[in-house]
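Q: I am new to this structure and would like a careful, close look at one part of it. Please take me through a single residue and then what lies around it.

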Amino acid sequence: MDDRQPDASRFDGHVVIGGGVVGAAAAWALTARGERVLLVEQHGRGHLEGSSHGATRIFRQGYTDPEYVALTTRALALWDALETSSGTTLLDRTGAVDHGRPEVVDAIAAALADAGIPHETLTPDEAAARWPGIAFEGHVLTHATAGRIRSADAVELFLTLAERTGLVELRFGSRVRAIVDDGDDLTVTLGDGTAVRTASVVAAVGSWAPTLVGDVLAGRGAVLPAVRVTQEQPAHFPSHLPDEAWPSFVHWADGDDVYGLLTPGEGVKVGFHGTGPVVDPDARDKRPVPAEAERLQAYVARFVPGVDATRPTFISCLYDTTPDEDFVIDRRGPLTVATGFSGHGFKFAPLLGELLADLATGGEPLPRFAL
């Protein structure tokens with residue numbers, strides 16, 4: 001028993017902090033390997049306070065960077081395997097379309113070609129004839145392997161599959177108050193005053209990483225990149241068109257980039273990428289900035305004619321963004337950390353779970369995502 005933490009109980013397994021998609025996927029990946037897991041989450045199951053909530057997310061392979069394209073291929077194989085093994089549909093293959101700045105769209109086309117991923121280039125008029133709900137400009141590219149992830153279902157499935165192993169304990173409504181570095185172990189103190197001592201903590205805490213694990217990492221000679229936490233405000237707009245008319249889409253615009261996809265039953269979600277105000281994740285008002293709301297509606301009125309731009313339903317979510325928008329997935333001693341998913345991490349969820357399970361059981365990080 002640790003003299004400094006006399007009430008700490010020993011846990012011979014992995015304490016996963018965070019019950020969003022990354023923590024849930026890590027718990028699933030660890031328990032699938034026969035590892036014991038205690039997952040603690042400050043909010044309720046399926047909560048709306050972080051970056052994982054909502055019914056849909058985009059899956060796309062359209063990156064300019066070949067390393068990310070390769071990672072999407074690995075992730076897609078895992079999504080497919082997860083659907084097969086669970087009998088659950090998680091990915092609707094609507095296809096995706098990129099349009100806008102030629103230098104970006106052409107670089108995506110080149111990266112897809114190099115990876116052997118089928119794709120098609122179109123003129124704006126050809127694209128508008130195929131997808132009348134969207135107005136296109138610049139160069140246009142589509143690939144059929146993309147679509148939308150049933151994101152809320154995915155988070156719940158990861159948790160459920162972990163539970164079915166009998167190797168996980170889930171504690172929701174359990175905030176981590178402190179993490180103390182005890183050398184080979186970490187002591188995790190929870191809001192109710194109880195403490196757990198373990199040789200492995202997986203902090204899949206997104207926007208909370210700087211305050212929760214920054215000091216522990218610094219004590220081990222590692223520094224998180226400057227994670228910028230912002231409150232983003234996409235909105236759902238009522239569609240004039242049938243659901244089948246909507247691909248996922250990204251507009252590489254002159255100015256802020258824009259993404260969109262249908263959320264069945266809610267409308268077409270459209271948002272600017274990473275433009276929201278910097279916030280404290282524990283003290284945000286969730287209200288859209290009026291000028292930005294007007295700017296989004298003006299964009300939608302011009303470029304998304306298949307919806308009613310006058311009737312937005314705004315959504316609030318968090319981005320945890322690194323300066324280069326790369327992820328942070330690494331380990332120092334008993335602490336594995338995952339943060340900086342920068343608004344594009346959800347599509348990789350089952351792969352992120354595997355990467356974190358690798359690290360927590362002694363593997364090496366991908367160099368690109370290392371501290």
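Where is Ser207 found, and is Ser207 buried or exposed?

A: This is a predicted model, in which local features need pLDDT of at least 70 and side-chain atom pairs 80 or more, while totals for chains, interfaces and linings use all residues. Residues are numbered from 1 along each chain as its sequence is written, and side-chain values use heavy atoms, without hydrogens or water.

Ser207 sits in the loop that runs between strand S14 (201-204) and helix H6 (209-219), with helices (H or I, at least four residues) and strands (E, at least two) taken as DSSP runs numbered from the N terminus. Because its relative accessible area is 6%, Ser207 is buried (under 20%, with a 1.4 Å probe and protein chains only; exposed is over 50%). Leaving aside residues up to four places away in sequence, Ser207 touches Ser51, Val229, Pro281, Leu318, Tyr319 and Asp320, where contact means heavy atoms within 4.5 Å.

Beyond this residue, the largest nonpolar core (buried Ala, Val, Leu, Ile, Met, Phe, Trp, Tyr and Cys joined through side-chain atoms within 4.5 Å) has 64 residues, of which Trp79, Phe158 and Ile329 touch the most other members. Helix H1 (residues 21-32) supplies the largest share of that core, nine residues. Apart from this core lies another one of 29 residues, among them Val196, Val205, Trp208 and Val213. Returning to Ile329, its contacts, again not counting residues up to four places away in sequence, include Val337, Phe341, Leu352, Leu355 and Phe369.
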